[in-house]
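Reader: I should like to go through this model from its strand pairing to a single loop residue. May we begin with the sheet?

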Amino acid sequence: EIRRSRGYVPLPLILKGVSGCEKSVLSLGGDLKSTFSFGKKDRIITSQYIGDLEEVGCFDNFKDYIERYMKLYHIKPEMIVCDMHPKYHSAKYAEKLAKNMNIPIYKIQHHHAHALSVMAEYSLKSCIGVSLDGTGYGTDGKIWGGEFLLCNNTEFTRAGHLSYVKLCGGDKASVNSELVKECYKYASDEESAESTGINPLIKAALSNNINTFETSSTGRLFDCICALLEIKKENSYEGECAILLEKAARRGENLNKPVFSFKIDESVGMIVADQIQLFNDVKDAYESGRYKKEAVAYAFHLALSEAIARICHIIRDKNSENNVCLSGGVFANMILLEETVSALKEDGFLVYINEFVPAGDAGISLGQAYYGLLSQKEV
């Protein structure tokens with residue numbers, strides 16, 4: 001599901017194995033597709049979809065609904081959990097509430113919360129969390145979005161990720177897929193950037209690090225491939241390019257298609273899947289004229305699902321973890337979800353996905369609340 005609303009809210013999630021968690025938890029989710037959750041003892045109540053907290057009306061509703069839920073359920077929070085992004089409205093409000101109520105606050109990494117949301121649904125204590133989305137603030141200050149996390153109770157280790165790509169344009173990068181494609185072209189060969197016909201303004205910004213940032217975002221990779229295949233150059237609504245790329249891929253399922261594979265590097269003690277090498281392979285296949293764009297789009301989906309399964313296999317070999325939790329907005333893509341689940345199950349993994357809450361950011365308050373409850377078990 002994309003949004004959990006009428007008919008499902010405020011149905012609580014009943015947890016197993018967390019009895020004795022007497023302290024009530026309030027978790028404030030993220031700023032996009034905002035929800036909040038209350039947790040106590042063996043249950044978590046997650047709010048309805050509220051919206052983007054950048055919008056003044058949504059933020060006012062967010063604060064009002066929290067007060068209403070506290071009165072309705074007679075809950076007084078004894079700890080607060082929020083996202084670790086320093087500029088999130090939800091995080092700043094969490095700090096204000098914690099100060100006013102004189103209660104502790106815990107700040108959780110975005111993709112860890114995604115993994116925890118699936119763990120909560122199945123009352124899991126450990127897993128390989130595969131969290132793929134557009135953006136989330138990382139522990140290294142970079143923008144994450146293609147993450148493989150080894151999760152154990154409240155702790156996590158970043159075991160792998162998509163390689164970082166330098167983008168420019170700030171928030172415009174999430175809208176302008178043509179801009180993202182140009183950044184990938186620049187990254188593919190900085191030395192010969194001039195010969196690839198890159199927009200001179202984009203080249204200048206990247207060369208001089210003007211308004212640039214590094215990201216491992218899977219969402220931006222989908223945008224890039226969509227623009228590369230000349231399907232759509234911008235997102236006129238959130239996720240449009242990814243949706244159109246999936247739609248094209250459906251039409252290419254039975255066509256003659258190339259075979260792509262991510263190059264996976266483990267040399268730096270971290271599993272890194274090379275986005276740029278894949279970009280070059282997709283670009284070469286499409287520009288060769290041998291394949292229809294729909295066939296290339298489908299082959300791209302297969303390459304990503306195969307890489308996910310391969311990275312999880314590497315992590316299991318090192319850590320003996322056989323649970324895999326798939327979360328993040330990218331898994332709204334049914335081709336990717338189906339192919340990934342199939343590949344993982346074929347390799348003997350136990351695979352879990354979000355069903356009680358959406359896989360996107362509307363589900364992360366559930367993961368945060370689960371963190372708050374689990375943290376009490378470890379005291």
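**Sheet, helices and a loop residue**

Reader: In β4, which residue is the bridge partner of Gly39?

Author: The model is a predicted one. Strands β3 (residues 37-40) and β4 (residues 43-46) pair in the antiparallel sense over four bridges. Within β4, the bridge partner of Gly39 is Ile44.

Reader: Which strands are the edge strands of the sheet?

Author: The sheet is open, has six strands with mixed pairing, and follows the order β1-β4-β3-β2-β5-β6. An edge strand here pairs on one side only, and this applies to β1 (13-14) and β6 (105-108).

Reader: What angle does the direction of helix α2 make with that of β5?

Author: Helix α2 (residues 89-101) packs on the sheet, where it touches β2 (25-27), β5 (79-83) and β6. Its direction and that of β5 make an angle of about 165 degrees.

Reader: And what angle does the direction of helix α11 make with that of β5?

Author: Helix α11 (residues 364-377) also packs on the sheet, touching β1, β2, β3, β4, β5 and β6. With the direction of β5, that of α11 makes about 135 degrees.

Reader: What is the radius of gyration of the protein?

Author: The secondary structure comprises 11 helices and 15 strands. For 379 residues the globule rule gives 21 Å, and the protein comes close to this, so it is as compact as a globular protein of that length. Its radius of gyration is 21 Å.

Reader: Why are the buried residues of helix α5 on the same side of the helix?

Author: The buried residues of α5 (residues 200-207) are Ile202, Ala205 and Leu206. They lie on the same side of α5 because the arc they cover around the axis is only 95 degrees.

Reader: What covers the buried residues of α5?

Author: Buried here means under 20% relative accessible area, and Ile202, Ala205 and Leu206 are the residues of α5 that qualify. Their cover includes β10 (165-168), α4 (177-188) and β11 (212-215).

Reader: Which residues does Asp274 touch, not counting those up to four places away in sequence?

Author: Asp274 lies in the loop between β13 (271-273) and α8 (275-287). Because its relative accessibility is 25%, Asp274 counts as partly exposed. Leaving out residues up to four places away in sequence, Asp274 touches Ser163, Phe262 and Lys263.

Note on methods:
Residues numbered from 1 in each chain as written. Predicted model: local features only at pLDDT ≥ 70, side-chain atom pairs only at ≥ 80, totals over all residues. Heavy atoms only, no water. Pairing = 2+ DSSP bridges. Helix = DSSP H or I, 4+ residues; strand = E, 2+ residues; numbered from the N terminus. Contact = heavy atoms within 4.5 Å. Axes fitted to C-alpha atoms, helices over the stretch in contact; angles between N-to-C directions. Rg over C-alpha atoms; globule rule 2.2 N^0.38 Å. Buried < 20%, exposed > 50% of the residue type's maximum accessible area, 1.4 Å probe, protein only. Arc of directions from axis to C-beta.
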